[in-house]
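Visitor: I am new to this structure and should be grateful for a close look at a single part of it. Please begin with one residue that takes part in contacts, and then lead me outward from there to its surroundings.

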Amino acid sequence: MIIIAFFIWHWYASLFCQTFFLHRYAAHKSFTMSKTWEKVFYVITWICQGSSYLSPYGYGVMHRLHHAYPDTEKDPHSPKYSDNLFSMMWDTKTIYSAIKKDQYPVEEQYKKGVPNWKAFDKFASSWFSKIGWGVFYTLFYIQFATHWWMFLLLPIHYIMGPVHGAVINWFAHKFGYVNFKVSDTSKNILPFDFLMFGEGYHNNHHKYGGRANFGVKWFEIDPAYIIIKILNGFGIIKIKKAQS
């Protein structure tokens, strides 16, 4: 049970950091926070994503391009232009890395206001950090795994962030239901998104890109938004009124 509990914790902790900090904050600015809290969440994201840490700058800029050019050749990760899930993941990684290194042509409007703590990103994205987290996950499994099949979960720990991105960028453009007619193939995966912490309401999100709450219908409960409301109540962040 220790291994299963650890996997569940890592799945949702990493996912929350991605949807809260990288997606809704870095890319969309659905809420604001102080520079001090921004740096705190940088560190929290590194801890929760570990070996698959994603730069808020690289992610934020890339995601803005996804919204600017959805399902076109300029979309960094559209299933329409990839042969399969893994080729899309590789193409996404290539573009993300180029953006992070300022080696990808991006108009200034898509960079404006995106968090960019270069020194920390360099450390958190380094092979030293990635391998260190990978060793930690492996040793944890060696210590607590009680069945051989548990070790099959280890590769997901190593690339947890990209796995979360692939689930949405691939499956949420192929399977699910649609609330709104938009100019792309985005869909909502589940009526109650317990699996992807609200990210699965992808069609809703493509209709209302900057909205802090990804749920629209009464049954579409967005777990991440509940936490966002709590953080807003404590004054850690401030939801933009038009985005709530």
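Guide: What follows begins at arginine 24 and then turns to other parts of the chain.

The model is a predicted one. Arginine 24 belongs to helix 1, which covers residues 2-27, while aspartate 222 is placed in the loop between helix 9 and helix 10 (223-233). The side chains of these two residues meet in a salt bridge, with 2.7 Å from N to O. Because arginine 24 lies in a helix and aspartate 222 in a loop 198 residues away in sequence, the pair ties together parts that are far from one another in numbering by that count. Is this link buried or exposed? Arginine 24 has a relative accessibility of 0% and therefore counts as buried. Aspartate 222, at 4%, counts as buried as well, since the limit for that word is under 20%.

Arginine 24 has a further partner. Its charged end sits over the ring of phenylalanine 214, at 3.7 Å from the centre of that ring. The arginine side chain thus takes part in a salt bridge with aspartate 222 and in a contact with the ring of phenylalanine 214. A contact of this second kind is also found for lysine 29, which lies over the face of tyrosine 25, 3.9 Å from the ring centre.

The salt bridge of arginine 24 may be set beside the others. The count of salt bridges comes to three. One of them joins glutamate 38 to lysine 35, and here the closest N and O atoms are 3.7 Å apart. Both residues lie in helix 2 (residues 35-49), where a spacing of three residues separates them by about one helical turn. Glutamate 38 is buried, because its relative accessible area is 6%, whereas lysine 35, at 58%, counts as exposed. Another salt bridge is formed by glutamate 108 and lysine 111, with 3.6 Å between the closest N and O atoms. In this pair glutamate 108 is exposed, with a relative accessible area of 58%, and lysine 111 counts as partly exposed at 23%.

A polar contact of another sort is made by serine 78. This residue has its place in the loop between helix 3 (56-68) and helix 4 (85-100). Its side chain makes a polar contact of 2.7 Å with the side chain of aspartate 71. Serine 78 is buried, its relative accessible area being 3%.

Aromatic rings also deserve attention. A search of the whole structure yields 35 aromatic pairs. Among them is the pair of phenylalanine 136 and phenylalanine 140, which is tilted, with 6.1 Å from centre to centre and 50 degrees between the planes. The two residues are four positions apart in helix 6 (residues 127-144), about one turn of the helix. Phenylalanine 136 counts as partly exposed at 39% relative accessibility, but phenylalanine 140 counts as buried at 18%. Tyrosine 141 is likewise placed in helix 6, and with a relative accessibility of 0% it counts as buried. The C-alpha atom of tyrosine 141 is separated by 6.9 Å from that of phenylalanine 151, a residue ten positions away along the chain.

The surface offers a contrast to these buried positions. Phe192, Phe194, Leu195, Ile221, Ile226, Ile230 and Phe234 make a nonpolar surface patch of about 710 Å². One of its members, leucine 195, is found in the loop between helix 8 (160-171) and helix 9 (202-207). At 35% relative accessibility, leucine 195 counts as partly exposed. Phenylalanine 197 lies in the loop between helix 8 and helix 9 too, yet it counts as buried, with 13% relative accessibility.

Phenylalanine 197 also leads to a point about the backbone. Its phi is near 60 degrees, a positive value in a residue other than glycine. Aspartate 102 likewise has a positive phi, of about 60 degrees, although it is not a glycine. This aspartate is found in the loop between helix 4 and helix 5 (118-124), and at 45% relative accessibility it counts as partly exposed.

To return to the starting point, arginine 24 is buried, and it joins helix 1 to the loop between helix 9 and helix 10 through its salt bridge with aspartate 222.

Key. Residues numbered from 1 in each chain as written. Predicted model: local features only at pLDDT ≥ 70, side-chain atom pairs only at ≥ 80, totals over all residues. Heavy atoms only, no water. Patch = residues over 30% accessible without salt bridge, like charges linked within 9 Å, V, L, I, M, F, W, Y side chains within 5 Å. Areas by Shrake-Rupley, 256 points an atom, 1.4 Å probe, with all protein chains shown as cover. Salt bridge = Lys/Arg side-chain N within 4 Å of Asp/Glu carboxyl O. Buried < 20%, exposed > 50% of the residue type's maximum accessible area, 1.4 Å probe, protein only. Phe/Tyr/Trp six-rings, centres within 6.5 Å; stacked < 30°, edge-to-face > 60°. Lys NZ or Arg CZ within 6 Å of the ring centre and 35° of its normal. Polar contact = N/O pair within 3.5 Å; in protein donor to acceptor, adjacent residues only side chain to side chain.
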